[in-house]
Each structure stands twice: as structure tokens, then as C-alpha cells.
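Colleague: Could you take a close look at one helix for me and walk me through what surrounds it?

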Amino acid sequence: MPDFGFSIKTARTENLDKVSLEKYRELLRKVPSFKRCFQCGCCSATCSAQQYTNFNIRKVHTSFRRGEYNLLSEELKKCMLCGKCTLLCPRGVNLRSLIMNMRQLLEEPVK
Ligand code: SF4
Ligand code: SF4
């Protein structure tokens, strides 16, 4: 195949028959304010950890929402739990609580 200098991105479609969203449902039970998230990205734009690392909290909670849990535990270790994202979220999502609960849920086996 000729090299065109670019490649087509792999589709990120979600196969709901293959992923378990049980952890996400449990997260919504524990942090109901997460239902209000409309993916604006303010949390990642203002994140303290993002100034020093490649941490992206919006990407992390979006992956969690999609049932893509691989590598999230490692990513979440970069968060300093400073709480700035919680203060700045326009929808009042309790991100600090969200992060702590994601950490906890990721340690539990997938049902
Ligand atoms: S700032 Fe709030 S509403 Fe915006 S993406 Fe982050 S959690 Fe969602
Ligand atoms: S609590 Fe974590 S995700 Fe939120 S701004 Fe601080 S370092 Fe970033």
C-alpha cells in the first residue's frame, strides 16, 4: 500500500455487548452530579496536574463513561486532588469525589 503520509484513525465506536458499564453505573450512584457533565473540557483546561504532565481529566472520565478502564488507574495517579476542577466546573460536578470514586472502583474486579 502506498504511503500517503497520513493514516485513518481507528474508529472509537462502542460495542456495548463487549464492555461492562457496571462500574460507570455505580459511579453515577455514588456521584450523581456527574450526570450533569456536558463534556465542556473546563476541568482539563484548568487542571493543575496538566501543567506538569500529560494528564487529561476529561479524557479519563470520558473513557470511564465508555467502559474503557485500561490504564485509567495509572492515569489517575497523576491527579493531585487539589480540587480546582471542582471549583471551576460550570455544571457543578463534584470532580474531586468523582476521581476518588473512580480510583476505588478501578481497584474492584469487573462484574
Ligand atoms: S468541567 Fe464539568 S461539565 Fe465540563 S467536562 Fe469537566 S466535569 Fe464535565
Ligand atoms: S483535582 Fe486533579 S484533576 Fe482536578 S484540577 Fe486538581 S489535579 Fe487536576
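Modeller: Sure, let's take helix 6, which gives the most to the shell around ligand 2, with 3 residues; helices here are DSSP runs (H or I, at least four residues), numbered from the N terminus. Keep in mind that this is a predicted model, where local features need pLDDT of at least 70, side-chain atom pairs count only at pLDDT 80 or more, and totals for chains, interfaces and linings use all residues. Residues are numbered from 1 along each chain as its sequence is written, while chains are lettered from A and ligands numbered from 1 in the order in which they are written.

Helix 5 (84-88) also supplies at least two residues of that shell, as does helix 6 (95-107). The shell around ligand 2 has 14 residues (C-beta, placed from the backbone, within 6 Å), and Cys47, Ala49, Cys79, Cys82 and Cys85 come nearest.

As for the helix itself, its 13 residues reach 18 Å from first C-alpha to last, close to the 18 Å expected (1.5 Å times one less than the number of residues). Its buried residues (20 or more other C-beta atoms within 10 Å of their own) are Leu95, Leu98, Ile99, Asn101 and Met102. They pack against helix 1 (22-30), helix 2 (42-45), helix 3 (57-65), helix 4 (72-76) and helix 5.

Leu98 is worth a stop: leaving aside neighbours within four places in sequence, Leu98 is in contact (C-beta atoms within 7 Å) with Val31, Phe34, His61 and Val93.

Technical notes
Buried ≥ 20, exposed ≤ 12 C-beta atoms within 10 Å, placed from the backbone. Contact = placed C-beta atoms within 7 Å.
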